[in-house]
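Student: I have a model open and would like to know what stands behind the labels people attach to it. Could we go through them together?

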Amino acid sequence: MNRINHIEKTGVVNGINFDGRFKVKRWPAVAVVALGYFAEYPESDEEDPEPELVADESRIVVVMVGDDKRHVVDASDLTEIPEEGYCPSCGQIGCGHGR
Ligand SMILES: [Zn+2]
């Protein structure tokens, strides 16, 4: 099982608007939603058999608009885009659906 964990964020945190929509450097034509910080469980040991998730604030968990598959991207690769800057029906940037 390869589930991507995240610590959910809302509002603007460290300059990232988690309520907004973003463009990712490696997918320039697709709008994504930022869910929160990528997070991992540290190694468990006898003292702490159930460690809590630890956030990696340099990495953000995103899903493409209209999709639910999670991806991990560098925070520096995200560019916020305006509400009207992407297509609400397919999530593409500049597709021109319904215009
Ligand atoms: Zn479209």
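**From values to labels**

Tutor: Happily! Let's start with Asn14, which is exposed, with 10 other C-beta atoms within 10 Å. Please keep in mind that this is a predicted model.

Student: Why is Asn14 called exposed?

Tutor: The label applies to a residue with 12 or fewer other C-beta atoms within 10 Å. Asn14 has 10, so the label exposed follows. Asn14 sits in the loop between β2 (12–13) and β3 (16–17). Its phi is positive, about 50°, although Asn14 is not a glycine.

Student: And what makes Thr10 exposed?

Tutor: Thr10 has 11 C-beta neighbours inside 10 Å. The cut-off is 12 or fewer, so Thr10 counts as exposed. Thr10 also lies in a loop, the one between β1 and β2. Not counting residues up to four places away in sequence, Thr10 touches Phe18 and Asp19. In addition, the C-alpha atoms of Thr10 and Leu35 are 7.9 Å apart, with their positions 25 residues apart in sequence.

Student: Then why does Val72 count as partly exposed?

Tutor: Val72 has 14 C-beta neighbours inside 10 Å. Exposed ends at 12 and buried starts at 20, so a value of 14 falls in between and Val72 is partly exposed. Val72 belongs to strand β7 (residues 70–74).

Student: What does Val72 contact, leaving aside its neighbours within four places in sequence?

Tutor: The contacts are Ile4, Phe38, Arg59 and Val61. Ile4 is 68 residues away along the chain, yet its C-alpha atom is separated from that of Val72 by 8.0 Å. Contact is judged between C-beta atoms, with a limit of 7 Å. The C-alpha separation of 8.0 Å is another distance, so it does not conflict with the contact.

Student: How do you know that β4 and β5 are paired?

Tutor: Pairing requires at least two bridges between two strands. Four bridges join β4 to β5, so the two strands pair, and they run antiparallel. Among the partners, Phe22 is bridged to Val32 in β5, and Lys23 stands opposite Ala31. With two residues between them, β4 and β5 form a hairpin.

Student: What else pairs with β4?

Tutor: Strand β8 (residues 78–81) does, in the antiparallel sense, over four bridges. One of the residue pairs is Arg21 with Ile81 in β8.

Student: What makes β1 and β5 a pair?

Tutor: Three bridges join strand β1 (residues 6–8) to β5, against a requirement of at least two, so they pair, again antiparallel. Glu8 has Gly36 in β5 as its bridge partner.

Student: And how many bridges join β5 to β6?

Tutor: Eight, and these strands run antiparallel as well. Val32 is bridged to Met64 in β6.

Student: Which residues have the most contacts inside the largest nonpolar core?

Tutor: They are Phe22, Val32, Ala34, Ile60 and Val62, in a core of 13 residues. The elements giving two or more residues to this core are β4 (21–24), β5 (27–40) and β6 (54–64). β5 supplies the largest share, six residues.

Student: What makes Phe22 and Ile60 buried?

Tutor: Membership of a nonpolar core is reserved for buried residues of certain nonpolar types, so both must have 20 or more other C-beta atoms within 10 Å. Leaving aside its neighbours within four places in sequence, Ile60 is in contact with Ile16, Ala34, Tyr37, Phe38, Val73, Ala75 and Leu78.

Student: Why is the pattern of the protein chain written with β alone?

Tutor: The chain has zero helices and eight strands, so reading along the sequence gives β-β-β-β-β-β-β-β.

Student: How much of the protein chain is buried?

Tutor: Buried residues make up 16% of the 99 residues. The C-alpha atoms fill a box of roughly 60 × 30 × 20 Å along the principal axes. Finally, among contacts between residues at least 6 apart in sequence, 55% join residues at least 24 apart.

Definitions and conventions. Residues numbered from 1 in each chain as written. Predicted model: local features only at pLDDT ≥ 70, side-chain atom pairs only at ≥ 80, totals over all residues. Core = buried A, V, L, I, M, F, W, Y, C linked by C-beta atoms within 7 Å. Contact = placed C-beta atoms within 7 Å.
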